[in-house]
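Student: I have not seen this structure before. Could we go through some of the words used to describe it, and the reasons for using them?

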Amino acid sequence: PLDVAAAEFLLATAYSLEGADLDAATDHLEATERALDEAIAQGQADPGRVAQVRFERGSLAAQRGDLPTAVARYREALALADASADETVRPHRVLARNNLAFHLHLLHPGDPEAQALAEAGLALAHSLGLLSLTPYLYSTLGEIKLAQGDLDAAERSFNQGLAEAERVAMPERIAGLTANLGLVAQARGDNTM
């Protein structure tokens, strides 16, 4: 069952990242969850492994523009990941906090829980040694600060995230954080960046 779950999850994430067939991604996530349920029943897997599935379900909901469902799925992923002792689930403890914070921010701008979750995720990433995840958290914190009009704090977060993204060679985050620094410059009336 674990091999089936791994294969189905790989297919689901490929369809999700490609964005071309979200229904196929959903079908493969459902197959992943069934295989994981079987593995868990047989004592082959920790229930926390389902956190990865719930996280991807949150991402699919977000891609469909269904932010309330995305937030609910990220909350489920966070609860499962935090309750798990499985080492493979550790990154999802951080990622679920980040994505929950970001989507809460989108759904309810100014929600203090969003900032608290992002800050907690950043502290957790540092404590677990998952520094390659910090660019996401710095980006989220920067976007929250930008929306609050705190341009200095937003710039600091984006610059910290950019430095980390460059350190671990994450081209997608480098581009995103650079674009966010452009938004800070634009908010200051500087169109030369």
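Tutor: Start with a cut-off: an angle under 35 degrees between two axes counts as roughly parallel, and one over 145 as roughly antiparallel. Keep in mind that this is a predicted model.

Student: What makes α3 and α5 roughly parallel?

Tutor: The axes of α3 and helix α5 (residues 90-107) cross at roughly 25 degrees. That angle is under 35 degrees, so the two helices are called roughly parallel. Their axes come within 11 Å, and α3 passes α5 in a left-handed crossing.

Student: Which residues make the contact of α3 with α5?

Tutor: On α3 they are Gln52, Phe55, Ser59 and Ala62, and on α5 they are His92, Leu95, Ala96, Asn99 and His103. By kind, this contact has four nonpolar residues, five polar and no charged.

Student: Why is α3 called roughly antiparallel to α4?

Tutor: Helix α3 (residues 50-63) and helix α4 (residues 67-83) pack at about 165 degrees, with axes 8 Å apart. An angle over 145 degrees counts as roughly antiparallel, so the term applies to α3 and α4. Here too the crossing is left-handed.

Student: What residues form the contact between α3 and α4, and how do they divide by kind?

Tutor: α3 gives Val50, Ala51, Arg54, Phe55, Arg57, Gly58, Ser59, Ala61 and Ala62. From α4 come Thr69, Ala70, Arg73, Tyr74, Glu76, Ala77, Leu80 and Ala81. They divide into 10 nonpolar, three polar and four charged.

Student: Where else does Phe55 appear?

Tutor: Phe55 belongs to the largest nonpolar core, which has 25 residues. Phe55 is listed with Val94, Leu100, Leu104 and Leu117 as having the most contacts inside this core. The helices α3, α4, α5, α6 (112-128) and α7 (134-148) each supply at least two of its residues. Leaving aside residues up to four places away in sequence, Phe55 touches Tyr74, Ala77, His92, Leu95, Ala96 and Asn99. Another core, of 11 residues, lies apart from the largest one and includes Phe9, Leu29, Leu36 and Leu60.

Student: How do you know that serine 157 is buried?

Tutor: Its relative accessible area is 9%. Buried means under 20%, so serine 157 qualifies. Serine 157 is in helix α8 (residues 151-167) and touches Tyr138, Leu141 and Gly142, not counting residues up to four places away in sequence.

Student: Why is arginine 173 called buried?

Tutor: Arginine 173 has a relative accessible area of 11%, which is under 20%, so the word fits. Arginine 173 is part of helix α9 (residues 171-187). With residues up to four places away in sequence left out, arginine 173 touches Pro135, Tyr136, Ser139 and Ala165.

Student: What makes alanine 169 exposed?

Tutor: Alanine 169 has a relative accessible area of 58%. Exposed means over 50%, so alanine 169 is exposed. Alanine 169 lies in the loop between α8 and α9.

Student: What is phi of alanine 169 near?

Tutor: Phi there is near 55 degrees, a positive value in a residue other than glycine. Most residues other than glycine have a negative phi.

Methods. Residues are numbered from 1 along each chain as its sequence is written. This is a predicted model: local features need pLDDT of at least 70, side-chain atom pairs count only at pLDDT 80 or more; totals for chains, interfaces and linings use all residues. Side-chain values use heavy atoms; hydrogens and water are left out. Axes are lines fitted to C-alpha atoms, for helices over the stretch in contact, and angles run from 0 to 180 degrees between N-to-C directions. Helices (H or I, at least four residues) and strands (E, at least two) are DSSP runs, numbered from the N terminus. Angles under 35 degrees count as roughly parallel, over 145 as roughly antiparallel, 65 to 115 as roughly perpendicular and the rest as oblique. A crossing is left-handed if the near helix is turned anticlockwise from the far one by less than a right angle, and right-handed if clockwise. Contact means heavy atoms within 4.5 Å. Ala, Val, Leu, Ile, Met, Phe, Trp, Tyr, Cys and Pro count as nonpolar, Asp, Glu, Lys and Arg as charged, and the others, Gly among them, as polar. A nonpolar core is a set of buried Ala, Val, Leu, Ile, Met, Phe, Trp, Tyr and Cys residues joined through side-chain atoms within 4.5 Å. Buried means under 20% relative accessible area, exposed over 50%, partly exposed in between (1.4 Å probe, protein chains only).
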